[in-house]
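Open the model in your viewer and keep a selection box at hand. We will go from the charges to the whole chain, and then to a pair of side chains.

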Amino acid sequence: MASRNRSAELGSKPISKLLLQQAVPASIGILVMSLNMIVDTIFVGRWIGPLAISAITVVIPVTFFIGAIGLAVGIGGSSVLSRALGAGDNEKALRVFGNQTTITFFTSGILAILGLVFQYQLIDFFGADDSFRDLALTYYRIVLYGIVMLAMCMMGNNVIRAEGKPKFAMYAMMLPAIGNIFMDWILIKVFDMGMAGAAWATFISYAVCFVFISWFFLVKSELRLKFESFFLQRKIVNEINALSFVTLARQGTIAVLTVLLNNILIRYGDSLDIAAYGIISRMLMFALFPVIGVNQGFLPIAGYNYGAKKFARVRESINTSIKASGVFALIIFTIIMIFPAEIVSIFISNSDSLDAATLENNQEILRRTPSALRWVFAATPVIVVQLIGASYFQAIGKAIPALLLSLTKQGFFLIPLLLILPPFIGVFGVWIAFPIADVLSTILTGYFLNKAVVKDLNPHIKAESASVSEIGGTD
C-alpha cells in the first residue's frame with residue numbers, strides 16, 4: 001500500500017528533490033517524444049522529400065487539436081485531482097478521473113468522425129496546395145483513425161503524473177516514440193510505403209501508448225475506478241472544464257496559429273517556407289524539452305501543496321522552477337545561435353541520387369531555414385517566466401487568470417503580429433513576430449505572477465511563520 005500512496009510525498013519532500021523527481025522523467029519523456037517527431041521528420045524529409053514535411057505540417061493542426069482534448073482534460077482535471085489528493089479526499093479524486101475518461105473518449109471520438117467527414121475542406125483550409133495535397137490527405141486519413149487513442153493517452157499521462165508516479169508517465173511517452181521510430185524505418189525505408197508508411201507508423205505508436213496506459217491504471221495505479229466513476233457529475237465536470245478550457249484554448253489557439261502561419265507562408269512565400277516552419281516547429285518541441293519538463297514537474301507540486309495549504313512550499317516551487325528552467329533555456333539559446341545551419345542540415349539530404357527538382361528544393365531549404373530558426377529562438381531565455389507563471393494559476397485552480405496568461409503569447413501578441421508584419425516585410429515578418437511575442441507575453445505574465453505571490457502567498461506565509469513563532473514561544 002505504501003508504494004501506491006506516493007502522492008503524499010508531494011507535500012513532504014524538499015522542493016528541489018521533488019522537482020528533480022518530477023521534472024527529470026517528464027523531460028526524458030518529452031525528449032524521447034520530441035526525438036520521435038524529429039526523427040519522423042528526418043525520415044520523411046530524406047526518404048520522401050521536403051514536400052512531405054509540408055504535408056505533415058499542414059495536417060498537424062487538426063490532429064493536434066483533437067489530441068489536445070485529452071491533454072486539456074488531463075491537465076485541467078489533474079489540477080482538481082492533485083488538490084483533492086492534497087486535501088485527503090480520495091473519493092473525489094476517483095470521481096474526477098472517471099469523469100476525465102468519459103469526457104475525453106466521447107469528445108475526441110465525435111471530433112475524429114467530423115474530421116474524416118470534412119477531410120477535403122479541412123486540408124485546403126489548413127493551407128495545402130496542389131504540390132502536396134495528396135500527400136497530406138494520405139497522412140491525415142490514417143492518423144485520424146487512431147486519434148482517440150492519442151487523446152486518451154494524453155489525458156492518462158497527466159493523471160499518472162498528478163498521482164505522483166512520473167516515471168510511469170515517462171515510460172508512457174517513451175514506448176510509443178521508440179516504436180514509431182522503428183516502424184518509420186520498417187514501413188518507409190524497408191517496405192517503401194512512402195507517406196502511408198509514415199502515417200501507419202504514427203497510428204501504431206498511438207496504440208502502443210494506449211495499451212501501456214491502460215495496463216498502468218489496471219495494475220499499478222492507486223486510483224481504482226468503479227463503474228459509477230464514469231458517470232458524469234455536473235459539479236465535477238464544471239470543475240474539470242473550467243481548468244481544461246485553459247489548456248484547450250491554448251492548444252486551440254496554437255492550432256489556429258498553425259493554420260494562419262501555413263496560409264501566410266503560402267501567400268507571401270511558397271510551400272518550401274511551410275517546410276522550413278515544419279523543421280522549426282519540431283525544433284521548438286525538441287530543444288525546449290527540459291524547460292517543458294520542469295514546467296510539467298512544477299504543476300502537481302504547486303497544486304498539491306496549495307491544496308494542502310502549504311503556501312511557503314508553493315512559493316519555493318515557483319522560484320526553484322523558474323531558476324532551473326532559466327538555466328536550461330540559456331543553454332538552448334546558445335546552441336541554436338551557434339549551430340543553426342548544422343541543425344537544419346540534419347533534416348535534408350544532398351545525395352547525388354536525388355532528382356534535380358528535389359535536390360534544388362533541399363538546397364533552398366538549407367538556405368532559408370537557419371536564419372529563421374535563429375529569429376524564432378531569439379527570446380528563449382525569457383520565456384520561462386511566462387510558462388511557469390501561466391502554469392501556477394492553472395495549478396491552484398484559478399481558471400480565468402490561467403486562461404488569459406496562457407493565451408498571451410499566441411493569442412494576444414503572435415497572431416496580431418502575424419497579421420500586421422508580413423504584408424509589409426513578407427516572410428521575414430513571420431519569423432521576427434516570435435521573439436517580439438515572447439518578450440511582451442513574459443512582461444505581462446511576470447507582472448501578474450509577482451502580484452499573485454505578493455498578495456496571495458506572502459500573507460499566508462507570514463501568518464504561518466507567526467503561528468510557528470507563537471508555538472515556539474509557548475513551549
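Start by selecting the charged side chains of this predicted model. There are 35 positive and 27 negative charges in the protein chain, and their mean positions lie 10 Å apart.

Next, switch to a cartoon of the whole chain. You will find 19 helices and 0 strands. Turn the C-alpha trace along its principal axes, and the protein chain spans about 85 × 45 × 35 Å. How does the radius of gyration compare with that of a compact globule? For 475 residues such a globule would have a value near 23 Å, and the protein chain agrees because its own value is 23 Å.

Now put on the surface. About 19600 Å² of the protein chain is accessible, and carbon and sulfur atoms hold 68% of that. Colour by burial next: 56% of the 475 residues are buried. If you draw contacts between residues at least 6 apart in sequence, 83% of them join residues at least 24 apart.

Last stop: select the cysteines. Which count of disulfides does the distance rule give? The count is 0. Zoom in on cysteine 153, whose nearest cysteine sulfur belongs to cysteine 209, 3.0 Å away. Seen from the other end, cysteine 209 has the sulfur of cysteine 153 as its nearest, also at 3.0 Å. Neither is in a disulfide, because a pair must have its sulfur atoms within 2.5 Å to count as one. Are these two buried or exposed? Cysteine 153 counts as buried because its relative accessibility is 4%, and cysteine 209 counts as buried at 10%.

Definitions and conventions
Residues numbered from 1 in each chain as written. Predicted model: local features only at pLDDT ≥ 70, side-chain atom pairs only at ≥ 80, totals over all residues. Heavy atoms only, no water. Helix = DSSP H or I, 4+ residues; strand = E, 2+ residues; numbered from the N terminus. Rg over C-alpha atoms; globule rule 2.2 N^0.38 Å. Buried < 20%, exposed > 50% of the residue type's maximum accessible area, 1.4 Å probe, protein only. Contact = heavy atoms within 4.5 Å. Areas by Shrake-Rupley, 256 points an atom, 1.4 Å probe, with all protein chains shown as cover. Lys, Arg positive; Asp, Glu negative; His and termini not counted. Charge placed at Lys NZ, Arg CZ, Asp CG, Glu CD.
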